[in-house]
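Please find below a colleague's note on the model, written to be read with the coordinates open. Its points are numbered so that each can be checked in turn.

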Amino acid sequence: MFGLSRQLFFRVARRTQQCRRYASQAINAMLQLQQMEICADQPSRGLVVGVYADENDKNDAGILTPAGWRYNLTKTNGRMIEVLRMSGPMPKRGEARLLFAVEPDRVPYYSVVAVVGLGKECLGYNPYEVLDEQKEAIRRSVAEACKTLAELDTDRIEVENCGHAESAAEGAALGIWAYQELRDPKSRISVPTIDLYATKDDICDLEGWRIGLQKAAAQNLTRQLQEMPSNLLTPTAFAQNVVEVLCKSGVNVEVKVEGWAESQSMHAFLAVGKASCEPPIFLELSYYGTCAEERPIVLVGQGITFDAGGLCLKKRGELFHMRGDMTGAAVVVATCRAVAGLRLPVNIRGLIPLCENVIGCNSFRPGDMVKSMNGKTIEVQCTDHEDVLVLADALLYGQNFCPKCIIDIGTCSGYMRQALDEAACGVFTNSEILWQQIKHASMHTGDRVWRFPLWNYYSKAVRAGGRSDVQNYGIGRGGRPCKAAAFLREFVPCGQWMHIDATNVMVTNGKDFEYLRRGMAGRPTRTVIEFIAQTICKDTAPKMGK
């Protein structure tokens, strides 16, 4: 009896131990599963959709875009629009409202949805603002949404077209860009990948999306070159960067040295750069998108990689941003790459004189006389107005190609900021056709331009010196931008010509345009690209809404 009870005792003990082992394994498995569900790093995806609403009516319930409405019905069972309306008034233009976990699934495909304000549905071309307000609203709002989602370490952002895929792509790509090549990789801002959101029921404008990405990439290239410190981006380094960037894109690059410039009698250009230990360089870019006999559009970009003002030294506050005095050159480089990427049927010649305007034992001085390629003598009144000297010889050299038109981009006068602030670039032209084309282009891109006078009044002011043919400063108290353009006009003997002064839009405060962070702006790259594209089209005038 005692042996039987002992045997029974050991059998019960063994069964109890087996139960404990099984329960322990089950509990551990459950805990491990819970831990995986809690700590698993699900792919972070964001979605950007638009909503139309009257900004002046806080009670406007809002109307989602077609793509947004389909997502609201099929993925959230109508919950997204309800949550949006409960969250307060509809977002305005340039604003984004983040909604989390609106999908009923336990693991949602989009972890966050950004609903952006697009204003009224009837927005379009505004003749008083000279702007397509719908496209600009898309750019501003999409950029704000993408920047906010990037701050949440979102890996992938899908953007619906919001009514215009090109503008949506521009806003997204411009908004997430930041110059951080010289920062520690651990402290850099995360840059998500962006893609076009579309379903099988949507009309997918992939071509418009691609064009928008090309334009945004061009402006970002301009911003990158502008932001590079001048000790790293010398004239030689600039030329090396251009060769690396453009030769892959099908654009031919010729690097011409100081001896070549002397053989061409570019004494005005050489006078500016002779004080620096960095030798001046002249770049000639060539893109053939059509038959070689077709006359090209000549783009001239001012390439002063640092402008200290020479002996007429600039103030300390102005010197910090003078690494961006090569804005014109950067715009020409980025434009050529974009034109090649878009395969536009047009021939382009890009001319970029590169040098530094610094103080040295060989600096040119106020009162010096220099001679340009066409033999005109120039009196140097102020070494801080060297921009026009550099552009003058390049404009004369551009006549050798029998161009359709010559467009030069420079930063010639700081007084442009007092005139226009960051609202628009200044344009001076002797052609009404060019003005209408660049105005229509700027209306589409949102990067506006404004025309300034090119009157004989200003030409007389730069010819008034009795000792020389022209002066680089002129007489009189004001009108500096107009006098700079009048000076350049002396070196364009014939043909259609346009001068774009981008001094005031070189730097942005990061507040006026949601798609541009604080720093160098890269303007007016997209407008120049759009201008070249519109010269190919016959009818580019904006259409008024009904």
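The points below go through charged pairs, a helix, the nonpolar cores and some backbone details.

1. The structure is a predicted model, and the remarks that follow should be read as descriptions of that model. Residue numbers count from 1 along the chain as its sequence is written.

2. I would begin with Lys215, which sits in helix 6, residues 206–227, and which counts as buried at 3% relative accessibility. Its side chain forms a salt bridge with Glu166, the closest N and O atoms being 2.8 Å apart. Since Lys215 belongs to helix 6 and Glu166 to helix 5, the pair ties together parts that are 49 residues apart in sequence. Glu166 also counts as buried, at 18% relative accessibility.

3. The surroundings of Lys215 deserve a look as well. Residues up to four places away in sequence set aside, Lys215 touches Glu166, Glu170, Arg526, Ile529 and Glu530. The C-alpha atom of Lys215 is separated by 14 Å from that of Leu516, although these positions lie 301 residues apart in terms of chain separation.

4. Which elements do the buried residues of helix 5 pack against? They pack against helix 4 (133–151), strand 7 (156–159), strand 8 (193–196), helix 6 and helix 17 (525–536). Helix 5 itself, residues 165–176, has 12 residues and reaches 17 Å from its first C-alpha to its last, close to the 16 Å expected at 1.5 Å a residue. The helix is mostly covered, with 12 of its 12 residues buried; among them are Glu166 and Glu170.

5. Glu170 takes part in a further charged pair, for Arg139 forms a salt bridge with Glu170 in which the closest N and O atoms are 2.8 Å apart. This pair links distant parts of the chain, with Arg139 in helix 4 and Glu170 in helix 5, 31 residues apart, and both residues are buried. The pair also belongs to a wider arrangement, in that Glu136, Arg139, Glu170 and Arg526 are linked in a network of salt bridges.

6. Another salt bridge joins Arg156 to Asp195, the closest N and O atoms being 2.9 Å apart. Arg156 lies in strand 7 and Asp195 in strand 8, so this pair ties together parts that are 39 residues apart in sequence. Arg156 is partly exposed, with a relative accessible area of 30%, and Asp195 is likewise partly exposed, with a relative accessible area of 30%. A search of the whole structure finds 26 salt bridges.

7. Asp501, found in strand 20 (residues 496–501), is an acidic residue to examine with care. Asp501 is buried yet has no salt bridge, and the nearest side chain of opposite charge, that of Arg480, is 8.4 Å away. Its side chain does make a polar contact with the side chain of Thr503 (2.5 Å), and a polar atom of the Asp501 side chain lies 3.4 Å from the backbone nitrogen of Cys412. Beyond residues up to four places away in sequence, Asp501 touches Gly410, Thr411, Cys412, Ser413, Met416, Cys425, Gly426 and Phe428.

8. In soluble globular proteins, nonpolar side chains tend to be buried together. Here the largest nonpolar core has 52 residues, of which Phe238, Leu283, Leu285, Ile348, Ile407, Ile500 and Ile532 touch the most other members. Helix 11 (residues 327–342) gives the most to this core, with 11 residues. A second, separate core of 48 residues includes Ala268, Val300, Leu389 and Cys412. Returning to Leu285, its contacts outside four places in sequence include Val242, Val332, Ile348 and Ile352, and also Asn252 and Arg349.

9. Some backbone details remain for inspection. The peptide bond from Arg523 to Pro524 is cis, with omega near 0 degrees, and Pro524 is found in the loop between strand 22 (519–520) and helix 17. Asp153 has a positive phi of about 60 degrees although it is not a glycine; this residue is in the loop between helix 4 and strand 7 and is exposed, with a relative accessible area of 52%. Cys402, also not a glycine, has a positive phi near 50 degrees. Cys402 lies in the loop between helix 12 (387–398) and strand 16 (405–410) and is partly exposed, with a relative accessible area of 47%.

Key: This is a predicted model: local features need pLDDT of at least 70, side-chain atom pairs count only at pLDDT 80 or more; totals for chains, interfaces and linings use all residues. Side-chain values use heavy atoms; hydrogens and water are left out. Helices (H or I, at least four residues) and strands (E, at least two) are DSSP runs, numbered from the N terminus. Buried means under 20% relative accessible area, exposed over 50%, partly exposed in between (1.4 Å probe, protein chains only). Contact means heavy atoms within 4.5 Å. The expected span of a helix is 1.5 Å times one less than its number of residues. A nonpolar core is a set of buried Ala, Val, Leu, Ile, Met, Phe, Trp, Tyr and Cys residues joined through side-chain atoms within 4.5 Å. Lys and Arg count as positive and Asp and Glu as negative; His and the chain ends are not counted. A salt bridge is a side-chain nitrogen of Lys or Arg within 4 Å of a carboxyl oxygen of Asp or Glu. A polar contact is a pair of N or O atoms within 3.5 Å; within protein, one must be able to donate a hydrogen and the other to accept it, and residues adjacent in sequence count only if both atoms are side-chain atoms.
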